[in-house]
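Colleague: I am new to this structure and should be grateful for a close look at a single part of it. Please take the disulfide and its surroundings as the subject.

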Amino acid sequence: VQLQASGGGLVQAGGSLRLSCARSGSIYKINVMGWYRQAPGKQRELVAVISSGGSTNYADSVKGRFTVSRDNRENTVYLQMNSLKPEDTAVYYCYAEGQYYSGQIYNYWGQGTQVTVSS
């Protein structure tokens, strides 16, 4: 399984960006897909995830501004980021929790895409 993220960039505060992450490779099931981020000098943190059934979970800091969505047919997860703030500046990592037929769970990570919000 491989995850390819795209859509990062430089935007002014108050602006919007949309991240995409395409999954390739075979696996029995993808339980959860979503996004984490890591700012310089900080630990990686959850931004937003979505289950195969459509349930979502957001960090408090992005609720009401970010929306995670998933296209199961296209094996893609999106993150629509609105009203961006300078504190949203970070490397954003695509994430997937995969499950093999045996039941074994693996965590997969994309390569990261830089999001920079200028004040």
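Modeller: What follows describes the disulfide and then the nonpolar core. The model is a predicted one, and its chain averages a pLDDT of 95, with 100% of the residues scoring at least 70. Mean confidence runs from 94 in strand E1 (residues 2–6), the lowest, to 98 in strand E6 (residues 56–58), the highest.

A search of the whole structure yields one disulfide. It is formed by Cys 21 and Cys 94, whose sulfur atoms lie 1.9 Å apart. Because Cys 21 belongs to strand E3 (residues 17–24) and Cys 94 to strand E9 (residues 90–99), the pair ties together parts that are 73 residues apart in sequence. The torsion about the S-S bond is about -85°, so this disulfide is left-handed. Cys 21 counts as buried because its relative accessibility is 0%; Cys 94 likewise counts as buried, at 0%.

The two strands that hold these cysteines, E3 and E9, also appear among the elements that give two or more residues to the largest nonpolar core. Others in that group include E1, strand E4 (29–38), strand E5 (45–51) and strand E8 (76–81). E9 gives the most, with four residues. The core has 29 residues, of which Trp 35, Leu 79, Met 81 and Tyr 92 touch the most other members. Leu 79 may serve as an example: leaving aside neighbours within four places in sequence, its contacts include Leu 17, Leu 19, Trp 35, Val 47, Phe 66, Val 68 and Tyr 92. In soluble globular proteins, nonpolar side chains tend to be buried together.

Definitions and conventions
Residues are numbered from 1 along each chain as its sequence is written. This is a predicted model: local features need pLDDT of at least 70, side-chain atom pairs count only at pLDDT 80 or more; totals for chains, interfaces and linings use all residues. Side-chain values use heavy atoms; hydrogens and water are left out. pLDDT is the predictor's confidence in each residue, from 0 to 100. A disulfide is a pair of cysteine sulfur atoms within 2.5 Å. Buried means under 20% relative accessible area, exposed over 50%, partly exposed in between (1.4 Å probe, protein chains only). A nonpolar core is a set of buried Ala, Val, Leu, Ile, Met, Phe, Trp, Tyr and Cys residues joined through side-chain atoms within 4.5 Å. Contact means heavy atoms within 4.5 Å.
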